[in-house]
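Q: I have a protein model open and I am not sure how to read it. Could you walk me through a few features?

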Amino acid sequence: MPKRKATVGIRECVACGCCMKVCPKNAITILKGVFAEINPELCVGCGKCAKECPASVITLEVTEQ
């Protein structure tokens, strides 16, 4: 059954941390103060981060796992 996972457009990310604050699984970290990184092992694909992102650079992708 397909699952959703969030991904970040790292070139457009402004590292504001809004996504990190709303993630219920703490799957998001800000790397070097430059961009957000989402741990695919922890991400449950809820979409809260994508809705919160002011730059609209987080998308949900369907995976086969």
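**Reading the model step by step**

A: Happily! K32 makes a good start: its relative accessibility is 82%, over the 50% cut-off, so K32 counts as exposed. Keep in mind that this is a predicted model.

Q: Where does K32 lie, and what is its phi?

A: You will find K32 in the loop between β2 (28–31) and β3. Its phi is positive, about 55°, although K32 is not a glycine.

Q: Let me try A15 next. Is A15 buried or exposed?

A: A15 counts as buried because its relative accessibility is 19%, and the cut-off for buried is under 20%. A15 sits in the loop between β1 and α1 (18–22). It is not a glycine either, yet A15 has a positive phi of about 55°.

Q: How should I think about a nonpolar core?

A: In soluble globular proteins, nonpolar side chains tend to be buried together. Here the largest nonpolar core has 14 residues, and V8, I28, I38 and I58 touch the most other members. At least two residues of this core come from each of β1 (3–8) and β3 (35–38).

Q: Which residues does I28 touch, leaving out those up to four places away in sequence?

A: With those left out, I28 touches C19, M20, C23, A36, E37, I38 and C49.

Q: Is there a residue in β1 that I could compare with these?

A: Try R4, which is found in strand β1. R4 counts as partly exposed because its relative accessibility is 41%. The C-alpha atoms of R4 and I28 are 15 Å apart, with the two residues 24 apart along the chain.

Q: What does R4 touch, again not counting residues up to four places away in sequence?

A: Its contacts are V44, G45, C46, G47, L60, E61 and V62. For G45, the backbone oxygen lies 2.7 Å from a polar atom of the R4 side chain.

Q: How do I look for empty space inside, and how many cavities of 30 Å³ or more are there?

A: Rolling a probe the size of a water molecule over the atoms shows where empty space is left. The count here is two cavities of 30 Å³ or more. The largest has a volume of about 90 Å³. It is lined by 15 residues, and C23, P24, C43, C46 and C49 are the closest to its centre. By class, that lining has eleven nonpolar, two polar and two charged residues.

Q: Which residues are closest to the centre of the second largest cavity?

A: They are C13, A15, C16, C19 and C53, out of 13 lining residues. This cavity holds about 70 Å³ of space, and its lining has twelve nonpolar, one polar and no charged residues.

Note on methods. Residues numbered from 1 in each chain as written. Predicted model: local features only at pLDDT ≥ 70, side-chain atom pairs only at ≥ 80, totals over all residues. Heavy atoms only, no water. Core = buried A, V, L, I, M, F, W, Y, C linked by side-chain atoms within 4.5 Å. Buried < 20%, exposed > 50% of the residue type's maximum accessible area, 1.4 Å probe, protein only. Helix = DSSP H or I, 4+ residues; strand = E, 2+ residues; numbered from the N terminus. Contact = heavy atoms within 4.5 Å. Polar contact = N/O pair within 3.5 Å; in protein donor to acceptor, adjacent residues only side chain to side chain. 1 Å grid on protein atoms, 1.4 Å probe; cavity = no way out; pocket = protein on both sides within 12 Å on 5 of 7 lines; lining within 4 Å. Points joined across faces, edges and corners; volume = space filled by probe spheres on them. Nonpolar A, V, L, I, M, F, W, Y, C, P; charged D, E, K, R; others polar.
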